[in-house]
Every structure is written in structure tokens, then in C-alpha cells.
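Biologist: I have a structure open and I'm new to it. Could you walk me through how to read it, feature by feature?

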Amino acid sequence: MANYSTEGIIIKVRDFIEADKIVKILSKDKGIFEAIAKGAKKLTSRKSSNIEFLNSGKFLLATGKNLHILLEVKLEDDYQSRINPNDINYFFYFAEVVDKTLVETDKRLYQKIKSLRKFFPQNIKQTLLALQLLLLSNLGVIPNLKNCLKCDSFLDKNRYVVPNQIGYFCKKHGGDFHEISDREIKIQLFFLSNNSDITQKINVDKEYKFLLELHNSWIENTIERKINSYKLLEL
Ligand SMILES: [Zn+2]
């Protein structure tokens, strides 16, 4: 067995046989992988308190036959303690949508997710919108938001949202459906082209609920799975 270490963020923790847990790690330079944390459920385990979703740090691992084995965790910060317990469902959503959407990662994507995670406790709305758009871009499905999906005509105003379609339609092809506001479009475009240290300053109070719902439906349609924690969000 060869040992190696990597920096990463825990995106999922689940119970396994006996006192063990399976931990899913989004890492800076080794992709996304699962590792077994032996004895993690025992209260005496030193590792146990560090193994919480969204915690980040340095992980020392051994390459096992089937699963990597987590030998040691060095927490970078005590992230969990900064989460307001009333907001916990938003953090579940963050972790679940990352877990279900990403199949691989690279350094750039890792840094972007880590940066969003940093702003998250203070700016929940902006962070979730930015995360959804980042993941949709990464899935390769982020639409051309400026042209009608049907006829490709340029949409300078009057864009319509057609259920189960990722993108917008002109009045002729989508006029029976919901019209998205100019401000909502502007927010999407702004979030897609700016880093999280800038987007967190934008006021999205009015547009947040509609956009979060829309993006979540785009994500679920693309991955053909439900994000279970979405319905727990109090919007
Ligand atoms: Zn059209």
C-alpha cells in the first residue's frame, strides 16, 4: 500500500459496516474519490470529529485494493462551527448538488468551489446561485442565454422559460410561458462571467427564489436525478 496526501473538501459522509464511514472527497489534484474511514463512528476516534461534510483540509490516504483508506485528517478550519444551525439545509444542498453533478474535477474547479464555500455562511443566496451556474457550465449544458432555443433569433428582450428546456425562447416560440425579467437575465450573465468575490456583493433578494428553482430544474433535467435536499430549502 502506497500512502499519499492531498488537499480536499469532504462532500459526503455515509455510514458503512461496523464503525466505519465512507467519505467522499473533492480533492485539489486527485479528482473526486471515496475513502473508508475505519472506526470513525467510535466516539474515541480522533478522526471522527473532523469527518463532517464541507470540512476541508489535508488528507493522508493509503491506496487499498478497492477503496482508498483514510489514515489522517488535518482540518484547515473549523468550517462546521461557522454554520448557523438554522441554515443547515442550504449546506446540505450545496454538498448534494456538488456530489451528484461532478464526476471529475480539476484544480481550477476545485478552487472555484472552495472559494464559494468560503463566502457561503455570509452570502447564502449569492453562493447557491453561483454554484448552480458553475456546475451547469461544468456539465456543458449552460445555455446560450441570448438566443431563442428554437429559432436562434437574438433575444434583446422578452425571453420565455419553457418547462424542461435549458435556455430561453422568443415570444413567438415561448410566449405562452413565463417571461423572465431583464434583471434575472442580467444576474445570470453577471454570475457566469465573474468570480465569487464580486458576485457575492450583488443584491439578489427579489430574483433569488425564481432563479434557484429554475437552475435546480435545469440541473435535475441534465443529470436525470433529483436533488433531494432542494425541497428542504425554505425559500
Ligand atoms: Zn424563436
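Modeller: Happy to. Let's begin with an inventory: this protein has seven helices and seven strands. Keep in mind that the model is predicted.

Biologist: In what pattern do the helices and strands follow each other along the sequence?

Modeller: Reading along the sequence, you get β-β-β-β-β-α-α-α-β-α-β-α-α-α. For the overall dimensions, picture a box of roughly 65 × 35 × 30 Å along the principal axes, filled by the C-alpha atoms.

Biologist: And how much of the protein is buried?

Modeller: Of the 235 residues, 29% are buried. You can also look at how far along the chain the contacts reach. Take the contacts with a separation of 6 or more: 54% of them join residues 24 or more positions apart.

Biologist: Next, domains. Which stretches of the protein do they cover?

Modeller: Domain 1 runs over 3–80 and domain 2 over 83–232. Their C-alpha centres are 29 Å apart. To read how they touch, look at the residues on each side: 13 residues of domain 1 are in contact with 14 residues of domain 2.

Biologist: Which strands supply at least two residues each to the side of domain 1 that touches domain 2?

Modeller: Strand 1 (3–15) and strand 2 (21–27) do that. Strand 1 gives the largest share of that side of domain 1, with three residues. Sorted by class, the side of domain 1 that touches domain 2 holds six nonpolar, three polar and four charged residues.

Biologist: Now the helices. How do I read a pair that packs together?

Modeller: Look at the angle, the distance between the axes, and then the residues that meet. Start with helix 2 (residues 107–119) and helix 3 (residues 124–138): they pack at an angle of about 165 degrees, and their axes are 10 Å apart.

Biologist: Why are helix 2 and helix 3 described as roughly antiparallel?

Modeller: Angles over 145 degrees count as roughly antiparallel. With an angle of about 165 degrees, helix 2 and helix 3 are therefore roughly antiparallel to each other. Their crossing is left-handed.

Biologist: Which residues meet in the contact of helix 2 with helix 3?

Modeller: From helix 2 come L109, K112, L116 and F119, and from helix 3 come T127, A130, L131, L134 and N138. By class, this contact of helix 2 with helix 3 has six nonpolar, two polar and one charged residue.

Biologist: Let's try helix 1. At what angle does it pack with helix 3?

Modeller: Helix 1 (residues 88–101) and helix 3 pack at about 5 degrees, with their axes 11 Å apart. That makes helix 1 roughly parallel to helix 3. In this pair, Y90, Y93, F94, V97 and T101 of helix 1 meet I124, L128, L131 and L135 of helix 3. The contact of helix 1 with helix 3 has eight nonpolar residues, one polar residue and no charged ones.

Biologist: What about helix 3 and helix 7: are they roughly parallel or antiparallel?

Modeller: Helix 3 and helix 7 pack at an angle of about 25 degrees, and their axes are 10 Å apart. They are therefore roughly parallel to each other. The crossing of helix 3 and helix 7 is left-handed. On the helix 3 side, the residues are K125, L128, L129, Q132, L133, L135 and L136, which meet Y208, L211, L212, H215, N216, W218 and I219 in helix 7. By class, the contact of helix 3 with helix 7 has ten nonpolar, three polar and one charged residue.

Biologist: Let's finish with single residues. Where do I find D77, and is it buried or exposed?

Modeller: D77 sits in the loop between strand 5 (68–75) and helix 1. To judge exposure, count C-beta neighbours: D77 has 11 others within 10 Å, so it is exposed.

Biologist: And what is the phi of N158?

Modeller: Phi of N158 is near 55 degrees, a positive value in a residue other than glycine. You'll find N158 in the loop between helix 3 and strand 6 (159–161). N158 counts as partly exposed, with 15 C-beta neighbours inside 10 Å. E224 also has a positive phi, of about 55 degrees, although it is not a glycine. E224 lies in the segment after helix 7 (208–223). With 6 C-beta neighbours inside 10 Å, E224 counts as exposed.

Definitions and conventions: Residues are numbered from 1 along each chain as its sequence is written. This is a predicted model: local features need pLDDT of at least 70, side-chain atom pairs count only at pLDDT 80 or more; totals for chains, interfaces and linings use all residues. Axes are lines fitted to C-alpha atoms, for helices over the stretch in contact, and angles run from 0 to 180 degrees between N-to-C directions. Helices (H or I, at least four residues) and strands (E, at least two) are DSSP runs, numbered from the N terminus. Angles under 35 degrees count as roughly parallel, over 145 as roughly antiparallel, 65 to 115 as roughly perpendicular and the rest as oblique. A crossing is left-handed if the near helix is turned anticlockwise from the far one by less than a right angle, and right-handed if clockwise. Two residues are in contact if their C-beta atoms, placed from the backbone, lie within 7 Å. Ala, Val, Leu, Ile, Met, Phe, Trp, Tyr, Cys and Pro count as nonpolar, Asp, Glu, Lys and Arg as charged, and the others, Gly among them, as polar. A residue is buried if 20 or more other C-beta atoms lie within 10 Å of its own, exposed if 12 or fewer, and partly exposed in between; C-beta atoms are placed from the backbone. Domain bounds come from an automatic or database domain assignment.
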